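This report is meant for a reader meeting the structure for the first time. Please keep the sequence and the 3D view at hand while reading.

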Amino acid sequence: MNQLLQHREPTQSELDMATEALLGARVMRPYYAVAIAPLKPLAVDGLGTIAVDPYWRLYIDFEWFSALSLEKRAYVITAHEIEHLLRRHHKRCDPRDHNLFNICGDCEINDDAEAFRQAVEDIGMLAPGAPVSTEAVAALRNVFRTVIINMEQLPDAGSVPCGTAPRKG
């Protein structure tokens with residue numbers, strides 16, 4: 001995420017829901033407890049998903065979040081959002097196109113999480129081989145069209161080994 005989302009403090013019931021999911025995430029993946037602990041839940045109405053920023057703020061659309069089971073809430077946090085932070089996607093993205101990088105990062109994370117596969121498909125998240133809605137296909141086409149048009153402005157990644165952050169300078 002390149003910018004701070006318009007957010008508000010969660011209501012007590014929203015905070016309880018987030019706390020329950022964070023506890024479930026710690027139980028599900030206890031080795032991530034240190035990474036889960038600093039997450040600060042914030043409410044973002046109409047976001048339609050969950051997201052994190054480099055400052056470990058957890059942006060939650062509680063209407064969307066409440067439609068998930070507790071197990072899926074915990075999976076979204078441990079098997080997805082924490083992975084964005086641990087893989088330092090916020091640092092590796094610059095100066096690339098944020099939307100494209102986020103989509104690719106989502107696919108990379110979701111593809112790596114085999115146990116997460118069913119939740120990915122149930123929630124409708126992007127992953128290689130997962131069913132994709134026509135709206136998602138249209139959105140991806142727009143992102144890829146923008147990238148192709150601006151291809152000459154993208155940094156040359158040919159000398160960067162797979163999985164490493166590009167070096168500036």
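The sections below take up the sheet, the helices, the core, a few single residues and the salt bridges.

## The sheet

The model described here is a predicted one. Its three strands form an open sheet in the order β1-β3-β2, and the pairing within this sheet is mixed. The edge strands are β1, which runs over residues 40-43, and β2, each of which pairs on one side only. On average, and with direction ignored, neighbouring strands of the sheet are turned by 25° against each other.

The mixed character can be followed pair by pair, since β1 and β3 pair in the parallel sense over four bridges, whereas β2 and β3 pair in the antiparallel sense over three bridges. Between β1 and β3, K40 stands opposite R57. Looking from β2 to β3, I50 stands opposite I60, and V52 stands opposite L58.

## Helices on the sheet

Two helices can be placed against these strands. Helix α1 packs on the sheet, where it touches β1 and β3, and its direction makes about 140° with that of β1. Helix α4 also packs on the sheet, but it touches β2 and β3, and its direction makes about 30° with that of β2.

## The nonpolar core

The largest nonpolar core has 23 residues, and those with the most contacts inside it are L39, I50, L58, F65 and I77. At least two residues of this core come from each of α1 (12-28), α2 (33-36), β2 (50-52), β3 (57-60), α3 (62-66) and α4 (70-86). I77 gives a view of how these parts meet: when residues up to four places away in sequence are not counted, I77 touches A21, L22, A25, L39, I50, L58, F65 and I82.

A second view comes from A21, which lies in helix α1. A21 counts as buried because its relative accessible area is 0%, and buried means under 20%. Leaving aside neighbours within four places in sequence, A21 is in contact with F65, L70, R73, A74 and I77. The fold also brings A21 and E71 to 7.7 Å from each other, C-alpha to C-alpha, although they are 50 residues apart in sequence.

## Two residues in loops

Which residue is buried yet has no salt bridge? That residue is R29, and the nearest side chain of opposite charge, E83, is 4.1 Å away. A salt bridge requires a side-chain nitrogen within 4 Å of a carboxyl oxygen. R29 lies in the loop between α1 and α2, and, not counting residues up to four places away in sequence, R29 touches I36, T78, A79 and E83.

The other loop residue is W56, which lies between β2 and β3. In the hairpin of these two strands, which has four residues between the strands, W56 takes a positive phi near 65°, and W56 is a residue other than glycine. W56 counts as partly exposed because its relative accessibility is 23%.

## Salt bridges

Side chains of opposite charge can pair when their charged atoms come close. In this model the count comes to four salt bridges. One of them joins D45 and R8, whose closest N and O atoms are 2.9 Å apart. D45 lies in the loop between β1 and β2 and R8 in the segment before α1, so this pair ties together parts that are 37 residues apart in sequence. D45 counts as exposed, at 54% relative accessibility, while R8, at 29%, counts as partly exposed.

The side chains of E9 and K40 meet in another salt bridge, at 3.3 Å from N to O. This pair too links distant parts of the chain, with E9 in the segment before α1 and K40 in strand β1, 31 residues apart. Of these partners, E9 is exposed, with a relative accessible area of 51%, and K40 is partly exposed at 39%. A further salt bridge is formed by the side chains of R57 and D53, at 2.6 Å from N to O; here R57 is partly exposed at 23% relative accessibility, whereas D53 is buried, with a relative accessible area of 5%. Finally, salt bridges that share partners join R8, E14 and D45 into one network.

Technical notes: Residues are numbered from 1 along each chain as its sequence is written. This is a predicted model: local features need pLDDT of at least 70, side-chain atom pairs count only at pLDDT 80 or more; totals for chains, interfaces and linings use all residues. Side-chain values use heavy atoms; hydrogens and water are left out. A nonpolar core is a set of buried Ala, Val, Leu, Ile, Met, Phe, Trp, Tyr and Cys residues joined through side-chain atoms within 4.5 Å. Buried means under 20% relative accessible area, exposed over 50%, partly exposed in between (1.4 Å probe, protein chains only). Contact means heavy atoms within 4.5 Å. Two strands pair if DSSP finds at least two bridges between them. Axes are lines fitted to C-alpha atoms, for helices over the stretch in contact, and angles run from 0 to 180 degrees between N-to-C directions. Lys and Arg count as positive and Asp and Glu as negative; His and the chain ends are not counted.
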